[in-house]
Amino acid sequence: MSSTELPETRTAAAPPASRSRAVRVADGEELRSVTLSGLSLTVRARPGDRPGLPPALYVHGLGGSSQNWSALMPLLADLVDGEAVDLPGFGVSPPPADGDYSVTGHARAVIRLLDSGRRGPVHLFGNSLGGAVATRVAAARPDLVRTLTLISPALPELRAQRSAWPTALLALPGVSSFFARLTRDWTAEQRVRGVMALCYGDPGRVTDEGFLHAVEEMERRLELPYFWDAMARSSRGIVDAYTLGGQHGLWRQAERVLAPTLLVYGGRDRLVSFRMARRAATAFRGARLLTLPDAGHVAMMEYPETVAQAARELIADHGGS
């Protein structure tokens, strides 16, 4: 096995998907489904303003979906032809047939998507779990990645913040089902406020309309029979990736990334420590670093214009149209 090859991961089969209420699609976006062997992925496309623009792919974080990129994608539509993927088991994508929710499994899904559409090399974006996935993709398949933008990437920390502990605890057997029972009386509004308090530096930046849309999406997800399983298995995948050493360790793979890289960290991030920014800037060769003191874990949703400007500069300098 080469140093960039993704190792196989064997897990139990996941439950089948079920019908659920429709997902929101913003003006200018299009949803399509890509069917691969043992895998079905939903892709949210934001076509470029004109034909011939280079492609971009956006990868969301744990518990998120392609909707997490709806604020950023239109700001880059004059530079790239954008697509955001729902990782297996999230958004509108059903669980993977093999039940593989590891970081490597998600990375393999992204690679298969890019290979199937022959869209590479792309300007690749990743947030949180999606940042770890994008790092694996860039290290394993440099031919598929033109530039790499990572927003609060979930890379291993020796001393995780206490506010991140509940997410890690979901990885333990039985915890997700226990938490589901414990919170069964919580309303969708309560759940969304909790998520926003954890992910935003200032939840007050969320508009009333944005909050309403988030509640509707939460209600939709809670109807999915595999919701908690996907969360638990993906949390376990992050923890497993943190403990993986040697050539497949995420920091080792970060050092092998060849694509020009932009790193974005928030000073109020309660899930990925702001102190990791310095280490990441050292690991990714020649990386640019954007620090936003007031941002939380999802800077592309809190400060889309600022993130877009930094991404524009990276794309313009490395393979823009």
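## Two helices that cross and a strand inside

The crossing of helices α5 and α6 is right-handed. This is a predicted model, so let's look at what it shows for that helix pair, and then turn to a strand.

### The helix pair

Helix α5 covers residues 188-199 and helix α6 covers residues 208-222. Their axes come within 9 Å and cross at roughly 110°. Angles from 65 to 115 degrees count as roughly perpendicular, and therefore α5 and α6 are roughly perpendicular to each other.

Who touches whom here? On the α5 side you'll find A188, E189, R191, V192, R193, V195 and M196. They meet F211, A214, V215, M218, E219 and L222 in α6. Sorted by class, this contact has 9 nonpolar and 4 charged residues, with no polar ones.

Let's zoom in on one of these residues, L222, which is found in helix α6. Is L222 buried or exposed, or something in between? Its relative accessibility is 32%, so L222 counts as partly exposed. Leaving out residues up to four places away in sequence, L222 touches R191 and F227. You can also compare sequence and space: L222 and A188 are 34 residues apart along the chain, with their C-alpha atoms 8.5 Å apart.

### The strand β2

Now for strand β2, residues 39-46. How many of its residues are buried? The count is 8 of the 8, so β2 is largely enclosed by the rest of the structure.

Here's a handy bit of background: in a regular strand, side chains alternate between the two faces of the sheet. In β2, both faces are covered. On one side sit L39, L41, V43 and A45, and on the other S40, T42, R44 and R46, all of them buried.

Strand β2 pairs with strands β1 and β4, as the table lays out.

| Partner of β2 | Residues of partner | Sense | Bridges | Residues standing opposite |
|---|---|---|---|---|
| β1 | 30-36 | antiparallel | 7 bridges | S33 in β1 and T42 in β2 |
| β4 | 81-86 | antiparallel | 5 bridges | A45 in β2 and E83 in β4 |

What joins β1 to β2? The two strands form a hairpin with 2 residues between them. In that hairpin, G38 takes a positive phi near 70°.

Going back to the table, you can find T42 and A45 on opposite faces of β2. T42 stands opposite S33, while A45 stands opposite E83 in β4.

Definitions and conventions
Residues are numbered from 1 along each chain as its sequence is written. This is a predicted model: local features need pLDDT of at least 70, side-chain atom pairs count only at pLDDT 80 or more; totals for chains, interfaces and linings use all residues. Side-chain values use heavy atoms; hydrogens and water are left out. Buried means under 20% relative accessible area, exposed over 50%, partly exposed in between (1.4 Å probe, protein chains only). Helices (H or I, at least four residues) and strands (E, at least two) are DSSP runs, numbered from the N terminus. Two strands pair if DSSP finds at least two bridges between them. Axes are lines fitted to C-alpha atoms, for helices over the stretch in contact, and angles run from 0 to 180 degrees between N-to-C directions. Angles under 35 degrees count as roughly parallel, over 145 as roughly antiparallel, 65 to 115 as roughly perpendicular and the rest as oblique. A crossing is left-handed if the near helix is turned anticlockwise from the far one by less than a right angle, and right-handed if clockwise. Contact means heavy atoms within 4.5 Å. Ala, Val, Leu, Ile, Met, Phe, Trp, Tyr, Cys and Pro count as nonpolar, Asp, Glu, Lys and Arg as charged, and the others, Gly among them, as polar.
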